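Work through the exercises below with the structure open beside you. Try each task before reading its solution.

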4 protein chains.
Amino acid sequence: MYLDSFKKVVRNYRAVFFDAFGVLKNASGILPQVQETFTYLQENNIAFYVLTNDASRSPLQLADFYQSKGINDITADKIISSGMLARDYLRHKVKDGRVAYLGTKDSAVYLEALELMTIPISKLDLNHRKMDEIRALVLLDDEGFDWQLDLNKTINLLRRTNVPVVVANTDKTYPVSENQVAAAIGSIADLLEWIVGKTFIRFGKPDAQMFHFAFEHIKQENDYQKDDVLMVGDTLHTDILGGNKFGIDTVLVLSGNTIPDQAEFYIKTTGIIPDFICESITT
Amino acid sequence: MYLDSFKKVVRNYRAVFFDAFGVLKNASGILPQVQETFTYLQENNIAFYVLTNDASRSPLQLADFYQSKGINDITADKIISSGMLARDYLRHKVKDGRVAYLGTKDSAVYLEALELMTIPISKLDLNHRKMDEIRALVLLDDEGFDWQLDLNKTINLLRRTNVPVVVANTDKTYPVSENQVAAAIGSIADLLEWIVGKTFIRFGKPDAQMFHFAFEHIKQENDYQKDDVLMVGDTLHTDILGGNKFGIDTVLVLSGNTIPDQAEFYIKTTGIIPDFICESITT
Amino acid sequence: MYLDSFKKVVRNYRAVFFDAFGVLKNASGILPQVQETFTYLQENNIAFYVLTNDASRSPLQLADFYQSKGINDITADKIISSGMLARDYLRHKVKDGRVAYLGTKDSAVYLEALELMTIPISKLDLNHRKMDEIRALVLLDDEGFDWQLDLNKTINLLRRTNVPVVVANTDKTYPVSENQVAAAIGSIADLLEWIVGKTFIRFGKPDAQMFHFAFEHIKQENDYQKDDVLMVGDTLHTDILGGNKFGIDTVLVLSGNTIPDQAEFYIKTTGIIPDFICESITT
Amino acid sequence: MYLDSFKKVVRNYRAVFFDAFGVLKNASGILPQVQETFTYLQENNIAFYVLTNDASRSPLQLADFYQSKGINDITADKIISSGMLARDYLRHKVKDGRVAYLGTKDSAVYLEALELMTIPISKLDLNHRKMDEIRALVLLDDEGFDWQLDLNKTINLLRRTNVPVVVANTDKTYPVSENQVAAAIGSIADLLEWIVGKTFIRFGKPDAQMFHFAFEHIKQENDYQKDDVLMVGDTLHTDILGGNKFGIDTVLVLSGNTIPDQAEFYIKTTGIIPDFICESITT
């Protein structure tokens with residue numbers, strides 16, 4: 001398996017999409033020397049954006065984290081999260097009424113700015129007459145509710161009421177410490193979908209809509225073509241599959257989910273083939 | 001859709017396997033006139049057994065419920081639950097060490113009588129040296145633990161330790177009141193299996209092992225052939241599919257999961273075809 | 001279930017995306033009075049396009065069919081097929097070498113204009129040294145090859161060689177006569193993917209990329225917003241799900257796959273909810 | 001990974017179930033020194049049986065192959081194939097009429113001895129009045145029919161007629177030469193099931209019914225307990241999973257599907273854990 005130098009690869013592009021977890025940060029904080037790579041990008045006039053399936057916080061809050069760690073180049077306008085697509089869906093398809101959600105207060109920020117009333121599942125009374133006002137259910141985050149109580153309540157809500165269900169994060173798990181993961185809302189969505197038998201609307205990598213949204217976003221700043229853009233991620237099934245399908249070049253980095261020993265094996269068995277493999281974005 | 005009289009149908013058999021929920025009882029209690037049918041069976045010398053995917057209680061406790069409602073014919077020895085198969089598996093395949101479980105204390109009764117130490121997931125310390133003694137994980141019931149805390153703990157347990165995972169109930173949901181259901185441990189097993197990517201060992205209808213176990217059980221009392229036995233259930237995907245595959249005749253009753261209006265449609269679309277359809281077991 | 005008049009609904013939009021099968025045509029030919037609806041659209045200055053998962057023929061050949069039936073308004077530039085997305089993928093991601101394909105000569109037209117050599121699987125010699133030149137496999141159509149011979153050959157090709165596999169039509173089946181269907185290449189792709197365990201790249205409704213491609217296409221002609229566009233289709237899982245997710249309004253017509261008797265039931269059980277339901281596009 | 005000596009392991013059992021492909025034979029013929037192991041088993045009074053998902057030939061024909069290669073100990077009565085379970089199902093559940101099948105003439109031998117008329121799908125006329133006499137469809141073998149013509153015919157048969165579909169071999173693929181595999185009827189069943197949306201009845205490892213059938217079979221000869229029996233196979237998902245679940249001890253051999261380099265990895269990622277691992281049955 002040939003490893004490329006990331007800095008050498010990236011020079012051939014005008015813009016980079018970075019995945020966050022496993023590329024820029026991990027459960028312990030920012031990966032070493034990330035700032036140096038951002039400096040390199042700016043010296044070489046290469047724009048960059050963060051594409052994340054994390055809908056637990058707003059771009060503003062996500063950017064705060066980077067800035068508190070001294071990475072000042074990542075401002076809110078550089079962050080494109082799957083929560084923004086969920087909001088975009090609601091803006092176009094749900095014009096009035098109430099939106100129920102599973103998630104924290106922080107994640108519910110994605111539902112603000114819309115002219116919709118919101119209600120967490122925990123506060124919903126299935127027998128109240130206002131149930132009729134529910135127009136959509138949005139799954140935002142795995143925190144902020146009682147799993148047993150509120151997931152069973154959600155199952156019964158979906159058995160009675162036929163509303164679109166929007167999933168703002170398609171990930172299975174996310175790291176909570178060096179050795180531990182937690183189930184993400186994407187997995188919880190799988191459980192609910194399987195039980196109620198309905199088809200949910202999912203936003204987030206590898207879905208093409210995430211890449212289109214990001215591409216539209218950056219084209220407002222500059223006239224980019226697909227061949228100008230490089231997707232960088234640590235996960236074959238989201239970052240690399242999605243980038244490939246969208247038609248942009250892809251780099252797999254070995255600083256996160258995909259460990260060096262197994263990269264070659266997983267590329268071969270999944271058939272998801274990155275254009276380049278780099279140890280990390282600091283090489 | 002032609003509806004048969006259950007009493008007319010059952011006269012051609014020497015033994016009956018009844019599903020419990022939707023056939024003998026529902027969330028409100030015992031279905032009307034069930035005792036009368038049992039009297040009829042005894043008058044006609046037809047043996048009967050209850051085959052249930054309910055591993056939340058022991059056969060003894062399950063029988064207590066029926067007796068408290070005046071159905072004295074259902075004694076513990078008439079009840080065959082998927083929990084008994086899980087116990088049987090452990091007896092043959094796990095000879096020493098500790099068995100971790102998800103479920104209530106009541107459900108853990110299936111792990112007693114084995115010469116194994118048991119520990120609920122909630123009490124497990126993933127960093128303790130005794131982790132090495134864990135030889136199997138058993139999923140018994142959806143109650144008795146903190147879903148968020150203990151399911152995430154289970155995910156991390158299965159990422160570190162390679163032990164067989166046994167699921168003692170394959171159902172998706174179960175009724176908790178006339179209009180409400182709750183996710184069963186079978187669904188929770190799906191979530192965990194999907195996240196950790198391992199293959200669990202599942203016991204319960206429609207799996208053939210459940211029917212074999214019951215058939216072996218009743219053959220100890222009498223010399224039955226498959227053609228002597230009738231399976232009666234309200235669910236196509238468990239009771240009817242399992243009974244058909246095992247090679248015994250099957251009756252779908254319309255007193256539970258499968259509502260009269262949709263029975264014909266579901267039989268046609270699933271291709272799971274009962275030999276008879278009866279309104280209930282009291283017809 | 002309330003049925004809207006299509007002509008009344010469509011007046012509120014500036015552009016319409018039509019699915020082909022079940023909306024404009026069926027196995028017997030063009031549906032009655034379709035031309036009249038097109039005339040109505042033109043009188044009202046509403047643009048229209050055909051969005052089809054049919055990659056068996058080029059837009060030019062597909063348009064020829066409509067014109068031969070007297071529907072002169074459907075010209076090649078009005079047709080957007082999933083085959084065009086497969087071509088677009090290859091243009092961006094496969095720069096040289098050879099592309100193997102399953103499909104007819106007609107379907108292979110999507111691979112022309114690219115600077116790539118093409119070879120049908122039937123002509124491929126798995127033991128020839130030129131195998132190394134294969135850079136991608138494209139599944140275009142269910143016709144044009146020997147299923148047993150060439151599908152087994154494809155399985156062995158994918159076991160030895162790791163190349164991206166592109167599926168240009170995600171449909172399960174298509175109608176071949178009033179009462180008969182045939183397996184589409186989308187189903188055959190499922191079989192191959194399942195056997196070799198790799199992840200294929202699929203283009204076609206309900207995938208968002210199809211809608212983005214179409215939307216970009218029409219924006220070159222006029223400055224449309226999402227709220228200006230209406231998707232019209234006969235299939236919940238492709239046309240309606242895809243349109244909803246993309247953020248445009250959707251009409252389910254009952255002239256094809258979804259029959260009037262079952263529409264309400266399927267909308268309820270799938271949770272895929274069209275904004276409008278019309279008997280056909282001629283109402 | 002610790003490798004046991006097969007001969008040392010097997011001495012603790014009174015009967016052995018062998019998988020065929022990858023254990024006793026491969027695409028090139030009988031594996032070396034297999035006869036010697038059989039001699040060893042007989043010297044030690046250990047009974048043995050072959051448990052195979054191969055329903056392409058009768059036990060008699062399968063035994064002929066071994067005998068033609070000088071392995072005289074494998075007689076027809078030692079072979080238990082999934083085809084025998086399909087026959088058993090039909091015997092109990094289909095009492096009259098006609099059974100349609102996909103497979104060769106050789107495989108159709110499993111349908112003989114039943115008092116049922118049989119007809120290959122290729123000879124079926126979907127428009128003939130005798131269609132009403134079809135009582136079941138049996139999928140026996142991937143050979144003996146035109147895939148495109150007859151699979152499409154089968155799809156249309158199952159859309160019109162609601163009969164049980166029995167699959168006599170659940171394997172995905174089988175080896176046809178040292179480097180080549182072919183899709184088995186189990187995969188073709190997946191394709192059909194997926195397209196028509198019905199639930200088929202599948203026989204073969206890892207399903208418990210196969211092991212029960214074999215266990216019943218050998219108990220007619222001798223009074224075996226589960227702890228007396230050892231399952232030996234080369235495939236985790238069929239031989240080992242099935243044996244474990246049935247409650248007997250299992251040996252994974254590395255002479256077939258599971259190659260030595262990857263055994264440990266696959267055991268860890270699948271969670272399917274054999275009791276022993278041996279290089280082959282000749283060690």
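**Exercise 1. Find the partner of V167(C) across the strand pairing, then describe the sheet around it.**

Solution.
- Step 1. Opposite V167(C) stands R202(C), a residue of β12(C).
- Step 2. Strand β9 of chain C covers residues 165–167, runs parallel to β12(C) and is joined to it by two bridges. Two strands count as paired if DSSP finds at least two bridges between them. Strands (E, at least two residues) and helices (H or I, at least four) are DSSP runs, numbered from the N terminus.
- Step 3. The open sheet of chain C has five strands in the order β7-β6-β8-β9-β12, with parallel pairing.
- Step 4. Its edge strands, each pairing on one side only, are β7 (117–120) and β12 (201–202) of chain C.
- Step 5. Helix α5 (residues 147–160) of chain C packs on this sheet and touches β6 (98–102), β8 (134–139) and β9 of chain C. The direction of α5 makes about 140° with that of β6(C). Such angles run from 0 to 180 degrees between N-to-C directions, and axes are lines fitted to C-alpha atoms, for helices over the stretch in contact.

This is a predicted model: local features need pLDDT of at least 70, side-chain atom pairs count only at pLDDT 80 or more, and totals for chains, interfaces and linings use all residues. Residues are numbered from 1 along each chain as its sequence is written, chains are lettered from A and ligands numbered from 1 in the order in which they are written, and side-chain values use heavy atoms, with hydrogens and water left out.

**Exercise 2. State how confident the predictor is in chain A and in the complex.**

Solution.
- Step 1. The average pLDDT of chain A is 94, and 100% of its residues score at least 70. pLDDT is the predictor's confidence in each residue, from 0 to 100.
- Step 2. For the complex, the predictor gives an ipTM of 0.94 and a pTM of 0.95.

**Exercise 3. Describe the open sheet of chain D and the helix that lies across it.**

Solution.
- Step 1. Six strands form the sheet in the order β5-β4-β1-β13-β14-β15, and the pairing is parallel.
- Step 2. At the edges are β5 (79–81) and β15 (276–278) of chain D, each pairing on one side only.
- Step 3. On average, neighbouring strands of this sheet are turned by 25° against each other, direction ignored.
- Step 4. Three bridges pair strand β14 (residues 249–253) of chain D with β15(D) in the parallel sense. In this pairing V253(D) stands opposite C278(D).
- Step 5. Helix α7(D) lies across β1 (15–18), β4 (47–52), β5 and β13 (229–233) of chain D, running at about 150° to β4(D).

**Exercise 4. Classify the crossing of α7(D) with α8(D) and list the residues that meet.**

Solution.
- Step 1. The axes of α7 (residues 208–219) and α8 (residues 236–246) of chain D come within 9 Å and cross at roughly 65°.
- Step 2. Therefore α7(D) is roughly perpendicular to α8(D). Angles under 35 degrees count as roughly parallel, over 145 as roughly antiparallel, 65 to 115 as roughly perpendicular and the rest as oblique.
- Step 3. The crossing is right-handed (the near helix is turned clockwise from the far one by less than a right angle; anticlockwise would be left-handed).
- Step 4. From α7(D), F211(D), H212(D) and F215(D) meet T238(D), D239(D), G242(D), G243(D) and F246(D) of α8(D). Contact means heavy atoms within 4.5 Å.
- Step 5. These contact residues divide into three nonpolar, four polar and one charged. Ala, Val, Leu, Ile, Met, Phe, Trp, Tyr, Cys and Pro count as nonpolar, Asp, Glu, Lys and Arg as charged, and the others, Gly among them, as polar.

**Exercise 5. Repeat the analysis for α5(A) and α6(A).**

Solution.
- Step 1. The axes of α5 (residues 147–160) and α6 (residues 185–196) of chain A come within 10 Å and cross at roughly 40°.
- Step 2. That angle makes α5(A) oblique to α6(A).
- Step 3. The two helices pass in a right-handed crossing.
- Step 4. W147(A), L151(A), T154(A), I155(A) and L158(A) of α5(A) make the contact with I188(A), L192(A), I195(A) and V196(A) of α6(A).
- Step 5. The division is eight nonpolar, one polar and no charged.

**Exercise 6. Locate the cis peptide bond from K205(D) to P206(D).**

Solution.
- Step 1. This bond has omega near 10°.
- Step 2. P206(D) is in the loop between β12 (201–202) and α7 of chain D.
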